[in-house]
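Please walk me through this structure in the viewer, one selection at a time. Tell me what to select next and what is there.

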Amino acid sequence: MSIIRSLTLLFIALISLLSLPATAQENDPGRALLINLAEAPASKVEEAVNAIVSSGDKRARGWLEAYGNNRLSRIKDTGQVVLVLNNRGRDWEIADPLTGENMGEMSRRELDRVAINNRIRGQLEGILAMLDLNAADPDVREASAQDMMGKVDASLVEPLEAQLEREENASVRNRIEEALAIYRVSEGNPEAIDVLAGSLHPRARAALNDAVRGDDPALADRATKALESIEQKLKLNRAAETLYFGLSLGSVLVLAAIGLAITFGVMGVINMAHGELIMLGAYTTWGMQQLLPGQPGLALILSIPAGFMVAATAGIIIERSVIQHLKGRPLETLLATFGISLILQQLVRTVISPQNRTVVTPDWMSGSLVINDALSLTLNRLYVLAFALIVFAALMLIMRKTRLGLEVRAVTQNRAMARSMGIRATRVDIMTFALGSGVAGLAGVALSQLTNVGPNLGQNYIIDSFMVVVFGGVGNLWGTLIAGLSLGTINQLLEPWAGAVLAKIIVLVFIILFIQKRPKGLFPQKGRAAEG
Amino acid sequence: MWLTRPLRERSTQLFLGVLFAALVVVTFLHLFTPQDSALHVSAYTVTLLGKYLCYALLAVAVDLVWGYLGILSLGHGAFFALGGYAMGMYLMRQIGDRGVYGDPILPDFMVFLNWQELPWFWHGFDMAWFAFIMVLLAPGLLALVFGFLAFRSRVTGVYLSIITQALTFALMLAFFRNEMGFGGNNGLTDFKDILGFNLRTDATRLGLFIATGIALAIGYVICRGIVTSKLGRVSVACRDAEARTRFLGYRVERVQLFVFVVSAMLAGVAGALYVPQVGIINPSEFSPLFSIEVVVWVALGGRATLYGAVIGAILVNYAKTVFTGIMPDAWLFALGGLFVLVTVFLPKGIAGLLFRRRKTDDTGNTPDAQEATA
């Protein structure tokens with residue numbers, strides 16, 4: 001008997017334990033809000049929705065989204081409001097809107113859809129954006145304010161103004177003001193035009209264009225002026241964008257050419273296999289990513305030393321096996337290294353594949369840096385630009401401040417004299433060639449982030465690289481930097497009206513003509529060393 | 001007369017003798033042996049040999065500027081291709097309304113691209129004499145303008161090589177464009193006849209082969225004539241010591257310009273003869289790779305010998321035919337290896353090997369073996 005009693009007591013205790021959440025739910029203010037919405041007559045629906053919005057409940061977004069998608073229903077028997085997760089077939093999967101807990105399936109006959117009218121449906125997008133304006137993350141708030149531009153209607157003006165009062169983040173405030181101004185301009189408010197005059201957002205421009213075309217001459221006049229000032233700003237931004245793309249293209253050229261500037265400019269070796277050394281660097285990145293699957297970032301960082309080493313080793317092999325036998329015969333080194341480049345290309349085709357390989361771009365390198373509505377800079381190009389400048393600076397330091405740099409300069413200027421002073425010229429040759437080749441490898445690592453990695457990668461850059469070196473003045477690192485950046489920019493400036501191919505042709509012809517005028521490039525070497 | 005002097009030389013007589021003997025033997029074997037005989041030379045082989053002879057003429061042209069003037073042109077493919085395009089335009093106009101679209105005026109590719117009328121630079125190419133003049137004029141003019149600018153400002157050595165390469169690269173990019181009016185990347189093809197002869201008949205092919213042989217002979221004699229003349233002596237002097245030659249009072253840039261233009265025209269003729277034999281001309285002839293390959297033919301045969309260029313061109317192209325036939329992938333390895341081996345181990349080429357014992361020159365430049373013995 002007592003056993004039964006105690007069991008019953010235990011049972012009761014369990015029941016009460018289980019119903020604890022239920023009691024918590026009873027007190028949930030959300031429940032009342034939802035029931036209010038479900039029971040509201042057509043004229044009060046808007047009020048009910050606004051009540052949900054102003055409650056500040058974090059779950060409100062989900063509810064309203066479900067509401068707009070016809071997925072908010074009531075269980076006929078209990079009157080409980082539920083979220084319909086899946087409304088296909090006879091049985092619908094439902095969940096508790098308050099806890100998010102899955103409640104299993106229920107026949108659709110037992111459910112009663114919460115009705116929505118078209119007016120509310122039309123406003124819902126704006127209302128949802130309003131909800132996001134309460135988010136803790138300012139980026140989310142800004143994005144939602146931006147979403148709202150052009151979508152503001154009379155019903156949103158008041159809550160938006162309230163939001164503006166509360167908002168502390170300046171850029172979010174700007175966005176809200178612009179969104180409001182677009183609405184006000186469409187309502188014929190001339191003051192709002194001044195707010196839009198500073199905006200580069202396409203929707204702001206669209207609103208102003210509408211105003212120009214509108215019936216109100218005063219408004220149209222003011223809008224025209226605002227558009228002009230926007231046009232000015234856009235021009236500036238476009239110029240900045242062209243400059244950025246030009247510099248980024250130029251930085252690629254600099255990276256590809258700067259290794260040549262060392263081997264060609266300093267040693268007088270015309271290394272036609274330079275492009276293939278770049279290719280080796282790019283394939284090293286690809287190989288590294290195959291070794292470390294799922295960690296493209298780490299692989300990329302490790303590729304920097306690895307790409308340098310691989311290309312430098314290849315360079316040493318080329319120098320020892322071929323180039324050292326061709327001292328003082330620069331035209332022959334051209335032919336021999338061209339042969340090497342053919343062999344390397346075919347080697348990659350045979351050993352790896354004739355197809356292009358895709359190198360993954362790590363997350364921190366993809367995406368872009370948004371400066372304003374008209375200008376955003378792609379991150380990978382920004383990194384490559386920075387990388388090129390770092391490589392340049394490092395090379396500059398090596399050539400100016402290290403013993404190797406000193407010896408290299410001595411050997412270049414007067415080989416015999418340098419040797420008699422105890423400099424081991426052969427060793428210097430090897431080191432110089434290794435350095436130039438290694439830098440080509442670094443260029444390959446960077447290029448793998450911008451283009452496809454394939455056997456023809458090197459070929460595409462070799463002529464450009466020589467052009468940069470010759471244009472800049474052989475043997476001059478500064479010349480290479482300036483030549484590369486300016487050629488990239490010129491190319492980018494020409495492209496809009498000439499097209500990519502023609503722009504390239506024009507640049508090539510320009511260099512050919514330029515060399516006629518200044519055969520030794522932008523910054524020719526002066527003095528006795530230049531005569532050699 | 002500078003042109004008849006080479007004919008009195010033993011080496012030129014030998015070269016011409018071998019060339020004409022080869023022409024006669026091939027013609028005889030093609031015409032008078034039965035099809036199934038082992039000695040029979042098929043029409044395909046005749047065309048192939050004709051192609052080799054075109055390349056040989058191109059190589060002679062390159063050797064003239066590289067061997068005797070010291071200018072390593074990495075862009076002679078451009079002159080070759082321009083001559084080829086001039087001939088291709090003539091052949092295109094000869095198709096008449098027999099093209100796929102049957103347009104009596106416009107070539108097929110223009111109909112395809114919706115061109116309404118013939119571009120101005122196509123006018124005149126329906127006349128053979130005009131086209132043949134353009135074969136010489138187009139490459140000649142380009143060489144004249146380019147050479148004038150380059151030599152006047154004393155661009156030499158490596159720089160000149162690199163900008164000749166850029167020149168051909170720029171032309172390649174340009175000719176790949178459909179808007180250029182030269183058929184874009186498909187180039188010009190589907191030729192029917194030349195001077196009224198059907199290009200697909202064996203007789204025409206044989207005729208073209210013989211014509212190429214004669215052109216090579218004439219080109220060779222012209223080059224020999226130049227290099228044995230006083231002009232040729234000066235150009236060798238420019239090659240070996242440009243500054244000294246200038247100090248002696250010679251107008252170095254004029255010598256360079258003249259030789260360069262002649263060489264470009266020869267290359268143009270080679271291209272013009274090449275096109276009807278292979279039946280197509282497209283922008284790939286402008287690729288820097290092709291131009292550099294030509295230089296290697298010359299290097300393999302032996303610089304500054306002229307006949308070496310012919311030997312090199314024929315050998316490498318024969319090897320290419322064989323290699324790409326049996327193992328296509330290995331060809332680039334073989335070609336690359338050839339580049340390296342020739343430059344490192346055979347700086348004087350095959351001609352240098354042949355005449356090693358008679359070497360008298362220690363300057364590192366290939367000696368003129370015939371002169372030494374003459």
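**Surface patch on chain A**

Select K76(A), R90(A), R108(A) and R109(A): these residues form a positive patch on the surface. The model is a predicted one. Within the patch, centre on R90(A), found in the loop that runs between strand 2 (81-86) and strand 3 (91-95) of chain A. R90(A) has a relative accessible area of 58%, so it is exposed.

**Helix 4 of chain A**

Next, select helix 4 (residues 60-68) of chain A, where the buried residues are A60(A), W63(A), L64(A), A66(A), Y67(A) and G68(A). To see what covers them, add the surrounding elements of chain A, including helix 2 (29-39), helix 3 (45-55), strand 1 (72-75), strand 2 and helix 5 (118-132). Then step to N70(A), just after helix 4 of chain A, which has a positive phi of about 65°.

**Nonpolar patch on chain B**

Move to chain B and select M127(B), W129(B), I133(B), L137(B), L141(B), L144(B) and V145(B), a nonpolar surface patch whose accessible area together is about 650 Å². One of its members, L137(B), sits in helix 5 (residues 128-152) of chain B. L137(B) counts as partly exposed because its relative accessibility is 38%.

**Two loop residues of chain B**

Select N114(B), in the loop between helix 4 (108-112) and helix 5 of chain B. N114(B) is not a glycine, yet its phi is positive, at about 65°. With 60% relative accessibility, N114(B) counts as exposed.

Finish at L195(B), in the loop between strand 2 (193-194) and strand 3 (197-198) of chain B. Its phi is also positive, near 50°, in a residue other than glycine. L195(B) is exposed, at 51% relative accessible area.

Technical notes
Residues are numbered from 1 along each chain as its sequence is written. Chains are lettered from A and ligands numbered from 1 in the order in which they are written. This is a predicted model: local features need pLDDT of at least 70, side-chain atom pairs count only at pLDDT 80 or more; totals for chains, interfaces and linings use all residues. Side-chain values use heavy atoms; hydrogens and water are left out. Patches are made of residues with over 30% relative accessible area and no salt bridge: like charges are joined within 9 Å, nonpolar side chains (Val, Leu, Ile, Met, Phe, Trp, Tyr) within 5 Å. Accessible areas come from the Shrake-Rupley method with a 1.4 Å probe; for residues, only the protein chains shown count as cover. A salt bridge is a side-chain nitrogen of Lys or Arg within 4 Å of a carboxyl oxygen of Asp or Glu. Lys and Arg count as positive and Asp and Glu as negative; His and the chain ends are not counted. The place of a charge is taken as NZ of Lys, CZ of Arg, CG of Asp or CD of Glu. Helices (H or I, at least four residues) and strands (E, at least two) are DSSP runs, numbered from the N terminus. Buried means under 20% relative accessible area, exposed over 50%, partly exposed in between (1.4 Å probe, protein chains only). Contact means heavy atoms within 4.5 Å.
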